[in-house]
Amino acid sequence: MSHQTEPSSAPSWGSEWDAVADVVVVGAGAAGLTAAIVAANRGCSVIVLEKAEHPGGTTAKSSGTTWIPDNPLMRKLGLSDERESAIRLMARASYPARYVPDAPRFGLTEHEYCLLAALYDHGRLAIEELLAAEAFPVDEAAAPSFPDYHADFPEDAAPVGRSMRIKLTDGHRPGIDPTGGQILINAMLAALERRGGQVRTGHRVVHLVKDSAGVIVGVEARWRNSTILVGARRGVVFGTGGFLHDPALAAAFLRGPVLGGAAAETATGDFVRIGIE
């Protein structure tokens, strides 16, 4: 979620504000750090607030493999990934019960189709910016051989190349050495630090703060036993985790039964409640 316009009545940023930045990002996983790096690249001051005591979220627990259609490595290797074909595969994989090959938008609603199209249209641009920022240590040698998700589907016209893997050290020891995801997070944190961005861990965002006109101007967070107010001159971006570890939300909204999962323990659906509020 983001707010990109200037506040209609800019606050005075008095002593009640503990910190102020152009952009406040909530969540220090791959999503939040991408937003932070992009904002910093545009000349914005950035503060990232992370609920956990260490950055990375679920990304740090993962292999760091990023699935992006028509990505820069595919283009570099001459691998074709046509737009309609890629969206067709995503439609079948994401909405198998409703997928209709010959129907308009493959049987999806306009909103659902546009979400899939957005990944194709903009994912490559995000990866290009991360690569230029030296924030994505990709393993170029793995791209031509690593199989795609659902490579067996007839809709998958590009069975290799979309899964971009993180380059591991020679002799990497699984379970002992840092995961590919942690290597990715470390590179993203370093890129953000080079651009002057801050990451504050142990800060759980609980509310948005609005001005008298209802415009979002910051967030309220909890840090240790204190309430922290962080102002945002230009916008607030949420790149937080899901709600796997909130039993009520998981039971209500996940196809189940869900008995467990590998998401970070902080994935308790905070943004669901903040968004509703």
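User: Where does histidine 150 lie in this model?

Analyst: Histidine 150 belongs to the loop that links helix H5 (110-132) with strand S4 (163-164). Please keep in mind that the model is predicted.

User: Why does histidine 150 count as partly exposed?

Analyst: Its relative accessibility is 38%. Buried means under 20% and exposed means over 50%, with partly exposed in between. Histidine 150 falls in that middle class, so it counts as partly exposed.

User: What is the phi value of histidine 150?

Analyst: Phi of histidine 150 is near 55 degrees, which is positive in a residue other than glycine. Aspartate 70 also comes with a positive phi, of about 50 degrees, although it is not a glycine.

User: Where is aspartate 70 found, and how do you know whether it is buried or exposed?

Analyst: Aspartate 70 is in the loop between strand S3 (66-67) and helix H3 (72-76). Its relative accessibility is 8%. The limit for buried is under 20%, so aspartate 70 counts as buried.

User: What makes serine 163 buried?

Analyst: Serine 163 has a relative accessible area of 3%. That value is under 20%, so the residue is classed as buried. Serine 163 lies in strand S4. Leaving aside residues up to four places away in sequence, serine 163 touches Thr65, Thr66, Trp67, Phe146, Pro147 and Asp148.

User: How is glycine 261 classed, and which residues does it touch?

Analyst: Glycine 261 sits in the loop between helix H7 (247-253) and helix H8 (270-276). At 46% relative accessibility it lies between the limits of 20% and 50%, so it counts as partly exposed. Not counting residues up to four places away in sequence, glycine 261 touches Leu244 and His245. Between the C-alpha atoms of glycine 261 and leucine 244 there are 7.1 Å in space, while the two residues are 17 residues apart in sequence.

User: What about glutamate 16: how far is its C-alpha atom from that of aspartate 81?

Analyst: Those two C-alpha atoms are separated by 52 Å, and the residues are 65 residues apart along the chain. Glutamate 16 is found in the segment before strand S1 (19-26). With a relative accessible area of 46%, glutamate 16 falls between 20% and 50%, so it is partly exposed.

User: Let's move on to the helices. At what angle do the axes of H1 and H6 cross, and what are they called for it?

Analyst: The axes of helix H1 (residues 30-41) and helix H6 (residues 180-194) come within 10 Å and cross at roughly 25 degrees. Angles under 35 degrees count as roughly parallel, so H1 is roughly parallel to H6. H1 passes H6 in a left-handed crossing.

User: Which residues meet where H1 contacts H6?

Analyst: On the H1 side they are Ala30, Leu33, Thr34, Ala36, Ile37 and Ala40, and on the H6 side Ile185, Met188, Leu189, Ala191 and Leu192. The residues of this contact divide into 10 nonpolar, 1 polar and no charged.

User: Why are H4 and H5 called oblique to each other?

Analyst: Helix H4 (residues 83-94) and H5 pack at an angle of about 130 degrees, with axes 10 Å apart. Roughly perpendicular covers 65 to 115 degrees and roughly antiparallel starts over 145, so this pair is oblique. The contact includes Arg83, Glu84 and Met90 of H4 and Tyr113, Leu116 and Asp121 of H5. Its residues divide into 9 nonpolar, 1 polar and 3 charged.

User: Now the sheet. In what order do the strands stand, and what makes S5 and S6 edge strands?

Analyst: The open sheet of 6 strands has the order S5-S2-S1-S8-S7-S6, with mixed pairing. Strand S5 (198-200) and strand S6 (203-210) each have a single partner strand, so one side of each is left without a neighbour in the sheet. On average, neighbouring strands here are turned by 45 degrees against each other, direction ignored.

User: How do you know that S2 and S5 are paired, and in which sense do they run?

Analyst: Two strands pair if at least two bridges are found between them. Strand S2 (residues 46-49) and S5 are joined by 3 bridges, so they meet that requirement, and they run parallel. Valine 48 stands opposite valine 199 in S5.

User: And how do S6 and S7 pair?

Analyst: S6 and strand S7 (residues 216-223) pair in the antiparallel sense over 7 bridges. Histidine 203 stands opposite tryptophan 223 in S7. Their hairpin has 5 residues between the strands, and glycine 214 there takes a positive phi near 85 degrees.

Methods: Residues numbered from 1 in each chain as written. Predicted model: local features only at pLDDT ≥ 70, side-chain atom pairs only at ≥ 80, totals over all residues. Heavy atoms only, no water. Helix = DSSP H or I, 4+ residues; strand = E, 2+ residues; numbered from the N terminus. Axes fitted to C-alpha atoms, helices over the stretch in contact; angles between N-to-C directions. Left-handed = near helix turned anticlockwise from the far one by under 90°. Contact = heavy atoms within 4.5 Å. Nonpolar A, V, L, I, M, F, W, Y, C, P; charged D, E, K, R; others polar. Buried < 20%, exposed > 50% of the residue type's maximum accessible area, 1.4 Å probe, protein only.
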